[in-house]
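Please read the following with the sequence and the structure side by side. The text starts with one contact and then moves outward to the rest of the chain.

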Amino acid sequence: MSSTASQPARTHVQTGPEAAAWAERLRVANINPRTGLATDYLNHFNEAVMLLEMVPDMPECAEDFLTWSPLSYAEHFTASNFKARDLAIEAYEKADPNVRAQFDHITDTMTSILTAVGSAMREVEKDTTRVRLAEQATLWVKPLIAACGGIINGGAEADVDTIMAN
């Protein structure tokens, strides 16, 4: 790792009363002041997992899952009823680039998995195959949602690395 890569980004760091006021705005809006990220975005992925978890008992729910479409962080908040959606987007944009890169990597991975599973479900005809796809996707995505929660809440990088390696 180069010496510049190991140095924290400083462009997003505020100090003094402005920093305290910013942190308080984020806290009140349910956005983590340390990371600038909101757990509300995970609802987008939790919705997909919930639909997938219904498929084994009700295979026709695969059709409901197929209506799910990926949304970026900004797209999610733009379309949401989250009271502080503009603040959530601004905080994400100002977040530490290293934290945001970790977060984006995992959310991109979840999006890839869910999109691929959706494509596969559209191609197969047997409910048993859809059930297997749903079960496998759930096993892959749930730990990634937990990893994202850890990043949002300022969790350890080592935990994320372990989950992504499996």
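**A helical chain and its aromatic rings**

Arg100 lies over the face of Tyr92, at 5.5 Å from the ring centre. Lys94 is placed in a similar way: Lys94 lies over the face of Trp22, at 4.4 Å from the ring centre. The model in which these positions are seen is a predicted one.

The protein chain as a whole has nine helices and zero strands. Following the sequence, the pattern therefore reads α-α-α-α-α-α-α-α-α. Of its 166 residues, 36% count as buried. Among contacts between residues at least 6 apart in sequence, 73% join residues at least 24 apart. The accessible surface of the protein chain comes to about 9600 Å², and 53% of that surface belongs to carbon and sulfur atoms.

Helix H3 covers residues 42-54. At 1.5 Å a residue, its 13 residues should span 18 Å, and the end C-alpha atoms are 19 Å apart, which agrees. Which residues of H3 are buried? They are Leu42, His44, Phe45, Ala48, Val49, Leu51 and Leu52. These buried residues pack against four helices, namely H4 (62-65), H5 (73-79), H7 (97-123) and H8 (127-152).

Phe45 leads on to the aromatic rings. A pair of aromatic rings is described by the distance of the centres and the angle of the planes. A search of the whole structure finds eight aromatic pairs. One of them is formed by Phe45 and Trp68, a tilted pair with 6.3 Å from centre to centre and 50° between the planes. This pair links distant parts of the chain, with Phe45 in helix H3 and Trp68 in the loop between H4 and H5, 23 residues apart. Both Phe45 and Trp68 are buried.

Tyr73 and Phe103 form an edge-to-face pair, with 5.8 Å from centre to centre and 85° between the planes. Tyr73 lies in helix H5 and Phe103 in helix H7, so the pair ties together parts that are 30 residues apart in sequence. Are these two rings' residues buried or exposed? Tyr73 has a relative accessibility of 3% and therefore counts as buried. Phe103 is buried as well, with a relative accessible area of 0%.

Both pairs belong to one aromatic cluster, formed by Tyr41, Phe45, Trp68, Tyr73, Phe77, Phe82, Tyr92 and Phe103. Tyr92 brings the account back to its starting point, as Arg100 lies over the face of that ring.

Another part of the chain to look at is the loop between helix H2 (16-28) and H3, where Thr35 is found. Thr35 is buried, because its relative accessible area of 7% is under the 20% limit. Which residues does Thr35 contact, leaving aside its neighbours within four places in sequence? The contacts are Ala95, Val99, Ile151, Ile152 and Gly154. With Ile152 there is also a polar approach: the backbone oxygen of Ile152 lies 2.6 Å from a polar atom of the side chain of Thr35.

Ile152 is also where helix H8 (127-152) ends. The 26 residues of H8 should span 38 Å at 1.5 Å a residue, and its end C-alpha atoms are 36 Å apart, which agrees. H8 is followed by Gly154, whose phi is positive, near 80°. Gly154 is one of the residues in contact with Thr35.

Key. Residues numbered from 1 in each chain as written. Predicted model: local features only at pLDDT ≥ 70, side-chain atom pairs only at ≥ 80, totals over all residues. Heavy atoms only, no water. Helix = DSSP H or I, 4+ residues; strand = E, 2+ residues; numbered from the N terminus. Expected span 1.5 Å × (residues − 1). Buried < 20%, exposed > 50% of the residue type's maximum accessible area, 1.4 Å probe, protein only. Contact = heavy atoms within 4.5 Å. Phe/Tyr/Trp six-rings, centres within 6.5 Å; stacked < 30°, edge-to-face > 60°. Lys NZ or Arg CZ within 6 Å of the ring centre and 35° of its normal. Areas by Shrake-Rupley, 256 points an atom, 1.4 Å probe, with all protein chains shown as cover. Polar contact = N/O pair within 3.5 Å; in protein donor to acceptor, adjacent residues only side chain to side chain.
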